[in-house]
Amino acid sequence: MIVPVSRSVTKIDSALRKAKNDNYTIVILPRAAHNFNISPEPGEPFDWPRVAPGFPELLTDWVNPRVRKAR
C-alpha cells in the first residue's frame, strides 16, 4: 500500500511527539523513495537509481552537531 507523503509525515510527527522525542526534523526530498533513492519516472530514459541530491549533506549536517554535543 502506498501512503501519501502528507499522511506519512502526519503519522511520523504524531508518533514522535507522543514519545516526547523533540530531536527530529522531517524533510521531504522530492521524488525520493523511502530508501532516499531517486529512480527515473515512467517515460524518462533509463538511469540507475541514485541517492537523492543533497541527502548525504543533509544527513551529516543534522547528525554531526548531535554527535558532538553527546561527547
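Hi everyone, I'll walk you through the aromatic contacts and then the main pocket of this structure.

A quick word on the model: it's predicted, so to speak for local features we need pLDDT of at least 70, and side-chain atom pairs count only at pLDDT 80 or more, while totals for chains, interfaces and linings use all residues. Residues are numbered from 1 along each chain as its sequence is written, and side-chain values use heavy atoms, with hydrogens and water left out.

Okay, rings. Rings of Phe, Tyr and Trp (its six-membered ring) pair if their centres lie within 6.5 Å; planes under 30 degrees apart are stacked, over 60 edge-to-face, the rest tilted. That gives us two aromatic pairs. Phe36 and Phe55 are stacked, because their centres are 4.1 Å apart and their planes at 10°. These two sit 19 residues apart, with Phe36 in the loop between helix H1 (5-18) and strand E1 (37-38), and Phe55 in helix H2 (residues 55-70). Helices (H or I, at least four residues) and strands (E, at least two) are DSSP runs, numbered from the N terminus.

The other pair is Phe46 with Trp48: centres 5.0 Å apart, planes at 80°, so edge-to-face.

Now, the pocket. By pocket I mean, on a 1 Å grid over the protein atoms alone, an open set of points with protein on both sides within 12 Å along at least five of seven lines; lining residues have an atom within 4 Å of a point. Which residues are closest to the centre of the largest one? Of the 23 that line it, they're Ile12, Val27, Ile28, His34 and our friend Phe36. H1 gives the largest share of that lining, five residues.

Technical notes: On a 1 Å grid over the protein atoms alone, a cavity is a set of points where a 1.4 Å probe fits but cannot get out, and a pocket is an open set with protein on both sides within 12 Å along at least five of seven lines; lining residues have an atom within 4 Å of a point.
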